[in-house]
Structure formats: structure tokens, C-alpha cells
Amino acid sequence: MSASPTTFLQPYIALVGSPNSGKTSLFNALTGGRQRVGNYPGVTVERKEGNIEVPGGHRLKILDLPGTYTLDANTLDEAVTRDVLLTRKIEGAPPDLLVAVADATNLERSLGLVLELKELGFPMVLVLNMMDLARRRGLNIDLEILTHEIGMPVFPVVAVKKEGLDALLEEVVRRVGHGRHPPQPSFPESTWTLPKHSAQEVRARFREVDRILKQAKVGALKPAKWTDRIDRVVLHPLWGSLLLVAILAFVFQSIFNWASYPMDLIEKGIGFVSEILRHHLPGGILQSLLVDGILAGVGSVVVFLPQILLIFFFILLLEDSGYMARAAFLMDRQMGRVGLHGRAFIPLLSSFACAIPGIMAARTIENPRDRLTTILIAPLMACSARLPVYTLLISAFIPNQVVWGPIRLQGLVMLGLYFLGVVMALIMAWVMKKTVFRGPTPTFMLEMPTYKWPNLRNVVIGMLERARLFLKRAGTVILAVSVVIWFLSSYPKPPADAPVGRSAITYSLAGRIGKFVEPAIRPIGFDWSIGIGLITGMAAREVIVGTLATVYSVEDNGKSLNSDDLGKILQKRWSLATALSLLVYFVFAMQCMSTLAVVRRETNSWRWPTVLFLYLTALAYGASFITYHVTLHFTG
Amino acid sequence: MTGRESPPDTPLCLGEMHRGQGGYICRVEGPEATVRRLLEMGMVEEAYVEIVHEAPFGRDPVAVRVRGGLLALRRQEAACVTIRKA
């Protein structure tokens, strides 16, 4: 673990609970969604920190720890929770108050962790979340007895409806609101060796839970009727599988079709701004930099914000509702066939939005070999940064004819590209598990939560966070790359005696670099402009679109391009074979420095990012070579 | 083989049971890590467990109801759990 942050020299409280206990809802309700999401230093487990306004005008820091069933960590995620609590290394100091969150509809299961936490000797309170659902299912609990038996204050809460928060906050203020309490918990840090609970102790803990629940007169709850009914369809061998396919198909169709309306709007807005700039700024370097460099580059990427928001919307929706665990269950057998874990389905599905959260989510996979395999195939899932490239090329080169009913050829080709990535990922996983990562079949155990209406607020908060990260990247990396590309493709200017008909950009630095790499990529049908795009696209895949826009905008003597214009220019310059070859290249190629950096952090060595880069580039080159020549053969 | 007052019926292996079948857990044994994980997820002795779903293709993994929750696991791990009929 690297240097510890000093953010928590002031008092803070920590939320701890098992997955699906509604911890995130509670965190959002307490902080009002004002939160900072980052990573723990040295590891990339998500670290969520926020402020709560407590009565009396104080502000208090609150930390949301990764969900865990036990402190005997089985996964890296769980290890972070354990380490924050047991060592001072991570946050600089242990929390001043632990807020244990338990699912009131499932006390039999969730109180085990509470008892384990209690052993640590922290000041602690217990929150029984989702009390409304529990009451509806007949939970009748004597809170006084529970408080007495479990030895800490208990607060019934409905986090999504903000019920019961006042009493909780009052207690929090009473305990920590007035500065740090000097006496820190005196748990014997040195004697805490891991894993320290024997199976016998786990059994004893559950017996204790049963005893407490019996004392507090908690009987069995009525079954979750709706969850059972829904599961009869969702987990049905036939209907469940069809539903899964239908959901995935729906998500992809909507990303391609619905997102086009807001995208058009953004595009028009950008065109409007560049017209204004053109009219009101004197022609010259500044105008060219702003319009051709920055607006063309950044604009062509920002256009894809609606698609990125949509895909995150669906993923958050599926997660929040409880469907994601079902999908893992349905997919486990198929994943197992290539030696993977049903749980790998979730990181891989997240990778459709972006490989980075996907690779990070691979932490939930216990077996290191499986985790590494998942990380190495995650970039084959078509992330949202590929959408700009796919969209541009598909709309320029594939006719939008109706295939059948509402299904159009363009959507079908898009789906095909996604499919290609998935199939290759499965093949690669199988190969890896048969060779370098050979080992016994891993275990698969997954809790399937009761279905809940997705909380719109939580979904929106999650989406806004992704939007912020995306726009931040557009505003920094992509902005910088756009300026660099504009410069490289603008200078040096062509000499005065340049022959007519030869475009200006061929004289520029970018033109020269592109020409320099052209021989290497000519066999797969790429020209120098793609060569530049592949280099700049290492910053982020979608940058290639901005690069092409900038390159051709400069070449067109400063006419600002929207993606329709760009598509038309590409149609004129590239053959279908080149376009298809580039599409296939983007399905496979490891064109993203951020992903490589994350893999380096996750695996703690340069070895795996190197392997990842080399094998995917080789794969991309080979596949593009085949695509190019086969298409040429058929199109002449 | 709990050897207590209620004479156990023939012990059954959870890993070999099918949808709708269930009973009380009498033993959880196998590799230490698997056993601990099973226990942590609520598969403790004396708990009632029932198979409620089987995945498509090969009926593996299965989803069991145990201690008020629904738990998905592969038959390989379920084989660590021995039950007696209710």
C-alpha cells in the first residue's frame, strides 16, 4: 500500500455491510449524492467519500466501504474493507464510528457480519435498512431486545425514502459530531492474523444470530412473493435464456437508435458555435485552432455522451433491480465451458460501458487465475469509446435498409461487431485456461437479491458520475490531443510552389508521420490518415474520430465538419474493404492507454499490460488483414 | 450421521438433488476454503435448504433457498453439503 492519504485526520464515520444491504442507497440518502469517487491508493477498489450535513450545521465525513460478507476476506474488495478497519495504513486512522448496515428482510444472514464487526471493539450503531419491505413481509421485531442483545443502538431505516434518517443522524452527532474522541478502539491489532475464524467459529456466529433473533421474537418472513414469481420466468431454463438475449438485444438497439436524437442536437449546437466563432473571429491561427482544432476534436467526441449515458443507465438499472446476479446465474454454465466463472459475466458486461470499471470489477473473482483471464479478455468487449468509431463508419458505409420489421442493417452490423468481440473473448479465455492459467475449476457462489424497483435517484447519481468522468476526459486528454493534432496537421505549411491538387496536410508533420507508418499498415488497407488516428487513438479510442475530423477539416481548408460531412469525405476516400478492416481492427485492438495503466495497477506488474497489448494488436492485425482481403475479393 | 436423538434418514448429497427437493443440512465438509464460504453464505448445519431453480444447459448451477435468501452455487460446491429429508 502506498502513502496514506491524510484526508481523515478529522473524524469520519464508515458504512459497512454485506452486498445488497442497500449501503449505497443509504450513502446517497445521507450525502444527497454529493460524493467523491476515487480509488484507494495502490489498489483500484472504488473509494466513495461524502459529506453529511448534521443538525447544528456541522459537516461530517462519511466513507462507504466495499460490501463484504465477512472480514475473513475472500476477495480483494473485501480485503480493502478489512484493511481500512484493521490497520491505520489506508485512511490514516480507523473510523470514529462504524455504521453497520443490515438488510432487514434478511436478518438471518446479515447479522453475522455485524457480530463479526462487533469483535473489533469500535463504537458502532446498527442500521436495519429496507424496513418497509421487511414489515410488508411480516417482520415483527422487538427493537429493544435486539438493541440489548446485540449491544448497540439499532435504527430502523428506509434509505430510499429517507425514512428514519433523523434519529440516526442525531445519534451520529452525539457520538462523533464534536470532534475526534481520543480513545481509539483498543483491538489487538497485532494478534489479528488472517484468516482467523475457523469454520467452527463461523458456525458459532450463526448460532448466536439465531439465538438473538429468537430473543427478539423474529419469526420467518413471508416469502418474497413477487421475487419468486418473477424468478419463475427469469430463471426458467427456456424463458429466462430468451429474456436475457432479448434484454441484451434491446439495449444495443436502443443505444444505436434512441441516442441519435440527443446526438443530433449536440451536433447542431457545436455547428452553431463554430459558425459563430467563424463569423466573429478574424481568420487565422486563433480561429483555426478553436474551430478546426478544439471544436472539431472535442466536439466529435462529446457527441457520444448520450450513448455512453444510455449504456450506463442500462447497466445501473440491471444492477439496481437485482437482475445482474440472475444473468450471472444463467450464464455460469456457458462461462464455465471456457473455464470462467458466472461472476466474470458482470465485469465483462460492465466492460461494454468501459473496460476500466470492468477490470476493476474483476476483483470480485476470488481465484487469481480466473481474475487475470477476465482482465485479459475484458478489453474485447466493445466499450462505449468504440461506439463513436463504429457509428461513424457504419453510418457512412452500411446502407440503413430494413432487414425485418424494426430491425435495420446498420443495427445488425453493430450487433455483429459486439458479437465478434464476445466470441473472440470466449475463445481467448478458453485458450488461456487451457494453457497459461490451467488449474482446477473455481467455485461459484452468488447471492441473488430480492427484486427491487430500481431507485431512479441512485441510477441518476451513478450516471452523472460517469458523465463527469467522461467529460473530464474530453476536457483534458482529448482537448490536449486535439490541439496537438491540430498543430501537427497544420504545420509546416506547404511551400509556395506546391503543385495544385496536392493537399496541404501531406506537407505537415502529421502527414509525414502517417506516411512513415503507412507501409506497416498498408497490408490491412489503412492509409496514412488512419495511421495518425491509430497513434492519437492510444489516448482513447474515440480520439481517432476527432483526429480524422481535424485532419480532413484542415485539409478541407478549415471547413468545420460534423459527423455527416466526415462520413461523406470518408466514403469518397476509403473503400468498403478499408472501412470494414478498420471496424474489425477496433473490435480487437488494445487502443487505450488508460486500460493498460489500470491493468498495470491491478496486476502490479508491466508484464500483463505488455502481454495484453501485444496479443490484442496481433489479433487485430491478423483479423483486419483477413477482412480487408476477403472484402476486396468480393468487391473487386 | 449426526448421531443425535432424531435418527437420520439416508443422508443425501445436495449436489445430486433436483428442483423442488430439499431438507435439513446435517453436514458441510470438504476443502476448508469452500466450507468457510458455504457457511458464510448461510449454509450452516440445521438450516433448511431447498433447490428452487436449475440453470439451463446441464442443470448446473442451482439456486437454493437457505436462511431466507436465494443462493446460486455450482453442483460441485453443493456436493459438500449433506442433508437429511425433512
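This is a short walk through chain A of the model above, from its overall make-up to its cavities and a few individual residues.

Before I start, please keep in mind that this is a predicted model, in which local features need pLDDT of at least 70 and side-chain atom pairs count only at pLDDT 80 or more, while totals for chains, interfaces and linings use all residues. Residues are numbered from 1 along each chain as its sequence is written, chains are lettered from A and ligands numbered from 1 in the order in which they are written, and side-chain values use heavy atoms, with hydrogens and water left out.

Chain A comes to 26 helices and ten strands, where helices (H or I, at least four residues) and strands (E, at least two) are DSSP runs numbered from the N terminus. Of its 636 residues, 56% count as buried, and buried here means under 20% relative accessible area, with exposed over 50% and partly exposed in between, for a 1.4 Å probe and protein chains only. Among contacts between residues at least 6 apart in sequence, 73% join residues at least 24 apart, a contact being heavy atoms within 4.5 Å.

Let me turn to the cavities. A cavity is a set of points, on a 1 Å grid over the protein atoms alone, where a 1.4 Å probe fits but cannot get out, and its lining residues have an atom within 4 Å of a point. Grid points are joined across faces, edges and corners, and a volume is the space filled by probe spheres set on the points. By this rule there are four cavities of 30 Å³ or more, and the largest has a volume of about 90 Å³.

Which residues line the largest cavity? They are Leu248(A), Val251(A), Phe252(A), Ile311(A), Phe314(A), Ile315(A), Leu318(A), Leu349(A) and Phe352(A). By class that makes nine nonpolar, no polar and no charged residues, where Ala, Val, Leu, Ile, Met, Phe, Trp, Tyr, Cys and Pro count as nonpolar, Asp, Glu, Lys and Arg as charged, and the others, Gly among them, as polar. Helices α9 (237-257) and α12 (305-321) each supply at least two of the lining residues, and α12(A) gives the most, with four.

That helix deserves a closer look. Twelve of the 17 residues of α12(A) are buried, so the helix is largely enclosed by the rest of the structure. Its end C-alpha atoms are 24 Å apart, which agrees with the 24 Å that its residues should span at 1.5 Å a residue, the expected span being 1.5 Å times one less than the number of residues. The helix is followed by Gly322(A), whose phi is positive, near 100°.

Gly322(A) brings us to Arg326(A), in helix α13 (residues 323-337). At 0% relative accessibility, Arg326(A) counts as buried. A polar atom of its side chain lies 3.0 Å from the backbone oxygen of Gly322(A) and one lies 2.5 Å from the backbone oxygen of Pro449(A). Leaving out residues up to four places away in sequence, Arg326(A) touches residues that include Asp231(A), Tyr451(A) and, from the other chain letter, Leu70(B).

For contrast with the first lining, the second largest cavity, with a volume of about 70 Å³, is lined by eleven residues, among them Cys354(A) and Arg541(A), and these divide into seven nonpolar, one polar and three charged.

Key. On a 1 Å grid over the protein atoms alone, a cavity is a set of points where a 1.4 Å probe fits but cannot get out, and a pocket is an open set with protein on both sides within 12 Å along at least five of seven lines; lining residues have an atom within 4 Å of a point. A polar contact is a pair of N or O atoms within 3.5 Å; within protein, one must be able to donate a hydrogen and the other to accept it, and residues adjacent in sequence count only if both atoms are side-chain atoms.
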